[in-house]
Amino acid sequence: MSNFICRYCQHMKMTGRANPNGNNYGLKGPRGECFCEHPKAIESFRRVCPKSPRMAGFIDFTPPGDDYPALKTSPQWCPLKREVAK
Ligand code: SF4
(Lines give C-alpha, C1' and ligand atoms only; values in the text may rest on other atoms or scores of the structure.)
Protein backbone atom coordinates (compact mmCIF):
# COMPACT_ATOMS: atom_id res chain seq x y z
CA MET A 1 0.00 0.00 0.00
CA SER A 2 1.37 3.35 -0.99
CA ASN A 3 1.50 6.38 1.25
CA PHE A 4 1.67 8.70 -1.72
CA ILE A 5 -1.63 10.12 -2.76
CA CYS A 6 -1.69 12.41 -5.76
CA ARG A 7 -4.66 14.44 -4.63
CA TYR A 8 -2.74 15.59 -1.52
CA CYS A 9 0.66 15.91 -3.18
CA GLN A 10 2.34 19.24 -3.92
CA HIS A 11 3.50 17.95 -7.33
CA MET A 12 0.01 17.33 -8.65
CA LYS A 13 -1.24 19.98 -11.07
CA MET A 14 -4.51 20.10 -12.85
CA THR A 15 -3.46 21.54 -16.18
CA GLY A 16 -6.56 21.60 -18.27
CA ARG A 17 -10.24 21.13 -18.45
CA ALA A 18 -12.31 19.98 -21.35
CA ASN A 19 -14.73 22.59 -22.65
CA PRO A 20 -18.35 22.08 -21.66
CA ASN A 21 -19.93 20.16 -24.50
CA GLY A 22 -22.59 17.60 -25.34
CA ASN A 23 -20.60 14.86 -23.62
CA ASN A 24 -20.50 16.49 -20.21
CA TYR A 25 -23.69 18.55 -20.39
CA GLY A 26 -25.84 17.71 -17.37
CA LEU A 27 -22.88 16.55 -15.30
CA LYS A 28 -21.39 18.74 -12.57
CA GLY A 29 -18.93 20.18 -15.07
CA PRO A 30 -16.14 19.15 -17.40
CA ARG A 31 -13.40 16.78 -16.28
CA GLY A 32 -9.93 18.16 -15.59
CA GLU A 33 -6.62 16.56 -16.55
CA CYS A 34 -4.11 15.94 -13.78
CA PHE A 35 -0.38 15.69 -14.31
CA CYS A 36 2.59 15.11 -12.03
CA GLU A 37 5.13 17.96 -12.09
CA HIS A 38 7.77 16.25 -9.97
CA PRO A 39 11.15 16.86 -11.70
CA LYS A 40 11.57 13.11 -12.26
CA ALA A 41 7.98 12.38 -13.33
CA ILE A 42 8.62 12.15 -17.09
CA GLU A 43 11.73 10.00 -16.70
CA SER A 44 10.02 7.67 -14.25
CA PHE A 45 6.87 7.40 -16.36
CA ARG A 46 8.88 6.49 -19.48
CA ARG A 47 10.96 3.93 -17.60
CA VAL A 48 8.03 2.21 -15.89
CA CYS A 49 5.45 2.52 -18.68
CA PRO A 50 7.46 2.63 -21.93
CA LYS A 51 4.49 1.48 -24.02
CA SER A 52 1.83 3.68 -22.48
CA PRO A 53 -0.15 5.65 -25.09
CA ARG A 54 -0.76 8.37 -22.50
CA MET A 55 1.17 11.60 -22.27
CA ALA A 56 4.15 11.20 -19.93
CA GLY A 57 3.26 12.39 -16.44
CA PHE A 58 -0.49 12.04 -16.90
CA ILE A 59 -2.09 10.86 -13.65
CA ASP A 60 -5.82 10.74 -14.25
CA PHE A 61 -8.87 12.81 -15.05
CA THR A 62 -10.87 14.44 -12.31
CA PRO A 63 -14.47 13.47 -11.73
CA PRO A 64 -16.76 15.99 -13.49
CA GLY A 65 -16.39 19.47 -11.99
CA ASP A 66 -13.78 18.36 -9.44
CA ASP A 67 -10.20 19.64 -8.97
CA TYR A 68 -8.45 16.42 -7.94
CA PRO A 69 -7.72 13.16 -9.74
CA ALA A 70 -10.19 10.33 -9.38
CA LEU A 71 -7.27 7.97 -8.64
CA LYS A 72 -7.27 7.13 -4.92
CA THR A 73 -3.51 6.59 -4.55
CA SER A 74 -0.73 7.30 -7.03
CA PRO A 75 0.36 5.65 -10.28
CA GLN A 76 2.91 2.85 -10.40
CA TRP A 77 5.51 5.23 -11.85
CA CYS A 78 5.16 7.82 -9.02
CA PRO A 79 8.71 9.18 -8.59
CA LEU A 80 8.32 9.50 -4.80
CA LYS A 81 7.24 5.88 -4.52
CA ARG A 82 10.22 4.79 -6.58
CA GLU A 83 12.67 6.83 -4.50
CA VAL A 84 11.47 5.03 -1.37
CA ALA A 85 11.70 1.63 -3.07
CA LYS A 86 15.42 2.15 -3.88
S1 SF4 B 1 2.73 10.71 -9.01
FE2 SF4 B 1 3.66 10.81 -6.96
S3 SF4 B 1 4.92 12.70 -7.00
FE4 SF4 B 1 3.47 12.79 -8.70
S5 SF4 B 1 1.69 13.89 -7.91
FE6 SF4 B 1 1.28 11.73 -7.61
S7 SF4 B 1 2.00 11.28 -5.52
FE8 SF4 B 1 2.92 13.23 -6.15
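## The ligand and its cavity

The largest cavity is the space that the ligand takes up. The model described here is predicted. A search of the whole structure for cavities of 30 Å³ or more finds one. The largest cavity holds about 100 Å³ of space.

Which residues lie nearest the centre of the largest cavity? They are Cys6, Cys9, Cys36, Cys78 and Pro79, and the full lining is made up of 15 residues. Sorted by class, the lining of the largest cavity has 12 nonpolar residues, three polar residues and no charged ones.

## The shell around the ligand

The residues that surround the ligand can also be listed by name. Phe4, Cys6, Cys9, His11 and Met12 are among them. Further along the chain, the shell includes Cys36 and Ile59. Ser74, Pro75, Cys78 and Leu80 also belong to the residues around the ligand.

How many residues of each class make up this shell? Nine are nonpolar, two are polar and none is charged. Charged residues are thus absent from the shell around the ligand, and the lining of the largest cavity has no charged residues either.

## The sheet

The structure has an open sheet of three strands. The strands are arranged in the order 1-2-3, and their pairing is antiparallel. Strand 1 (12-17) and strand 3 (58-61) are the edge strands, each pairing on one side only. On average, neighbouring strands of this sheet are turned by 30° against each other, with direction ignored.

In general, the strands of a sheet pair through backbone hydrogen bonds, and the pairing can be parallel or antiparallel. Here, strand 1 and strand 2 (residues 32-36) run antiparallel and are joined by five bridges. Which residue of strand 2 is the bridge partner of glycine 16? The partner is glutamate 33.

Conventions: Residues are numbered from 1 along each chain as its sequence is written. This is a predicted model: local features need pLDDT of at least 70, side-chain atom pairs count only at pLDDT 80 or more; totals for chains, interfaces and linings use all residues. Side-chain values use heavy atoms; hydrogens and water are left out. A residue is near a molecule or strand if one of its heavy atoms lies within 4 Å of it. On a 1 Å grid over the protein atoms alone, a cavity is a set of points where a 1.4 Å probe fits but cannot get out, and a pocket is an open set with protein on both sides within 12 Å along at least five of seven lines; lining residues have an atom within 4 Å of a point. A molecule sits in a cavity or pocket if more than half of its atoms lie within 2 Å of its grid points. Ala, Val, Leu, Ile, Met, Phe, Trp, Tyr, Cys and Pro count as nonpolar, Asp, Glu, Lys and Arg as charged, and the others, Gly among them, as polar. Grid points are joined across faces, edges and corners, and a volume is the space filled by probe spheres set on the points. Two strands pair if DSSP finds at least two bridges between them. Helices (H or I, at least four residues) and strands (E, at least two) are DSSP runs, numbered from the N terminus. Axes are lines fitted to C-alpha atoms, for helices over the stretch in contact, and angles run from 0 to 180 degrees between N-to-C directions.
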